[in-house]
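Reader: Before I rely on any detail here, I would like to go through the chain with you, beginning with how far it can be trusted and then turning to particular residues.

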Amino acid sequence: MQQKERPAWAPCFYFKTDKEIYNYVGQEIVIEESIDSYGGMIWPAALALCRYLETHREQLSLLDKAVLEIGAGTGLLSVVAALLGAWVTATDLPDVLNTLRVNLSRNTRGRCRHTPQVAALSWGYDLEQTYPTSVYRYDYVLAADVVYHHDFLDELLVTMKHFCQPGTTLIWANKVRFESDLLFTENFKKAFHTSLLAEDGEMKIFMATCREAEEEDVVEEIQDKMGKEEGGRRDDEGKREEAEGDKSTEKLERHCKENKENNKAKENDDEEVVRAEAHADVKVVEKTKNMPEAKEGGDKEREGDHDGDKEEEMKWNQSTEQILKPKEEEDESGQELRKQVVEKNNKPAWTPNIYGRNDKDFYYYVGQDICIYESIDSFGAVTWPAALALCSFLDDNRQLVNLQGKTVLELGAGTGLVTIVASLLGASVTATDLPVVLGNLRANVMRNTRGRCRYTPQVKVLSWGYDLENTYPTSAYHYDYVLAADVVYHHNFLNELLVTMKHFCQPGTTLIWANKVRFEDDLTFTENFKKAFHTTLLVEDGDIKIFMATCRKKRDVETDSCH
């Protein structure tokens, strides 16, 4: 049988941990991720909303309810909703559906009352044609981290309004990252009757219903469910009222905040056990064609690991049961343990119940094992395809691009894989990125280069822009090579990026840029890149391209402008 041809830039790694293992609704949930799409990763708001739905089953019962998830991504939220008894339809763009469908099928088959469905949905203004409201009506619409750095926020709001009809409750969870997120939130509040169900730092969960008169009864019904007996304080009169007597949105928000505070110790207790689990050693079976002994014993080791996970899960449940006893049943040692746990742990309440988290990738370049830790909360903290392509190119073309003893600058270093490979090839490398990425970047670089390289790589902050002569004057900062991988994607700083490339690509400098073409803006940037530099296409493999560039002399630029 003929094997499917792999891309030439496919990395030399022998074990890739590309799945997350969660525990919600008493079930183990295995989620496969994809590094080639924002929708192919699990973002924080999905974890927050999964936790919220699991811990508020009585107030927000999804049993036998029709639920639509928009921007479902990996499908974790849809899986949890289905396990809670809902009839779920998970939607996203067509290029995300394969991973979404696989994750849903794997985690719900034989476990749920209703088989979840997967459908393509593009946010926009013509949804009445594809999803007529006379046919498609849902009890709940769920959305998690659908507001981020993209140009379709207006279309998203229109889509929410289309599906949030009378009788529908919309629950939206999001982490605030950009100023545009705040603007969207204001427009969201104007478009719907909204209540803030939960707030934890920059994480917020809203409940919304449509702004129509007939919807008021539904709002009151939900608020009745959410409002268990509590004393309602009146500022002027000082009276107490029963919770069921106050139907207002303000009451609902106070109640949710109070619930969150009352449960905080319990959630922190859960998370202390999770922390202990996360620090446990995870056995990794290293598999390569050149290691038959590892391959031969792999299945047995993996089976043993699985049994170990089950045993640890039982211990987790027992530990949690012990810690979460009612206060009146606790002995003195139990009370002391509770006190220590609450004092030590300040993790967000939405942190998931994970007892086995695989968040690192193992690669093999330049004859060395490279362990890369990733992060789910930043585009720069994930290893993207063009970085793998560039690493393979540098490793396979050492004579063409000889980095031995050369000074190298990497723009948008992210997880640091390219910097590590360049360092292993003998270069003196400076890795740069935004401040939020530097912690993980520095850890990866130091872990994989200490004691292996001729030069110790440096990690520095660099924001692309027009004032670089003040922070990185060309008289002091001159490099033999500038490397950049997948720095062109969906962001608003493409002009600043090109300016930054031109600033560092001085006479005597060679710029090597690798990228995967995803959007029309990528093509426009590529054209501007070719006009700004003397360029050569080194590699083209599908949508992956690697360019080599040198600066244009002033005379060349003037000639081009004349033409």
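Author: This is a predicted model, and pLDDT is the predictor's confidence in each residue, from 0 to 100.

Reader: Which elements of the chain have the lowest and the highest mean pLDDT?
Author: The chain as a whole averages a pLDDT of 77, and 66% of the residues score at least 70. Among the elements, the lowest mean, 36, belongs to strand β11 (residues 356-357), while the highest, 98, belongs to strand β14 (residues 407-411).

Reader: Over which residues is the pLDDT below 50, and how many contacts does the model have there?
Author: One such stretch covers residues 351-358, for which the model has 35 contacts beyond four places in sequence. Over residues 262-345 the pLDDT is also below 50, and the contacts of this stretch beyond near neighbours in sequence number 69.

Reader: How many helices and strands does the chain have, and what percentage of its residues count as buried?
Author: The secondary structure comes to 19 helices and 20 strands. Among contacts between residues at least 6 apart in sequence, 70% join residues at least 24 apart. Of the 563 residues of the chain, the share that counts as buried is 50%.

Reader: Which helix gives the largest share of the largest nonpolar core?
Author: In soluble globular proteins, nonpolar side chains tend to be buried together. The largest nonpolar core in this chain has 43 residues, and those with the most contacts inside it are Tyr24, Ile29, Leu76 and Ile205. Leucine 76, for its part, is in contact with residues including Tyr22, Tyr24, Ile29, Ile31 and Cys50. The largest share of this core, eight residues, comes from helix α1 (residues 44-55).

Reader: How many residues are in the other core, which lies apart from that one?
Author: Among the residues of this other core are Cys391, Leu438, Val445 and Tyr481. Its residues number 39.

Reader: Within what arc do the buried residues of α3 fall?
Author: Helix α3 (residues 97-108) has twelve residues and reaches 16 Å from its first C-alpha to its last, close to the 16 Å expected at 1.5 Å a residue. Its buried residues are Leu97, Leu100, Asn103, Leu104, Asn107 and Thr108. Seen down the axis of α3, these residues line one face of the helix, because they fall within an arc of 135 degrees.

Reader: What covers the buried residues of α3?
Author: On the chain just beyond, α3 is followed by glycine 110, whose phi is positive, near 80 degrees. The cover over the buried residues of α3 includes β3 (27-32), α2 (76-83), β5 (87-92) and β6 (117-120).

Reader: Is aspartate 145 buried or exposed, and which side chain makes a polar contact with that of aspartate 145?
Author: Aspartate 145 sits in the loop between β7 (140-144) and α5 (153-163), and because its relative accessible area is 7%, under the 20% cut-off, aspartate 145 is buried. A polar atom of its side chain lies 3.3 Å from the backbone nitrogen of lysine 175. The side chain joined to that of aspartate 145 by a polar contact of 3.0 Å is that of arginine 177.

Reader: How far apart in space are valine 429 and threonine 419?
Author: Valine 429 lies in strand β15 (residues 428-433) and counts as buried at 1% relative accessibility. Beyond four places in sequence, valine 429 is in contact with residues including Val408, Thr419 and Pro457. Valine 429 and threonine 419 are ten residues apart in sequence, and their C-alpha to C-alpha distance is 6.5 Å.

Methods. Residues are numbered from 1 along each chain as its sequence is written. Side-chain values use heavy atoms; hydrogens and water are left out. Helices (H or I, at least four residues) and strands (E, at least two) are DSSP runs, numbered from the N terminus. The expected span of a helix is 1.5 Å times one less than its number of residues. Buried means under 20% relative accessible area, exposed over 50%, partly exposed in between (1.4 Å probe, protein chains only). The arc is that of the directions from the helix axis to the C-beta atoms. Contact means heavy atoms within 4.5 Å. A polar contact is a pair of N or O atoms within 3.5 Å; within protein, one must be able to donate a hydrogen and the other to accept it, and residues adjacent in sequence count only if both atoms are side-chain atoms. A nonpolar core is a set of buried Ala, Val, Leu, Ile, Met, Phe, Trp, Tyr and Cys residues joined through side-chain atoms within 4.5 Å.
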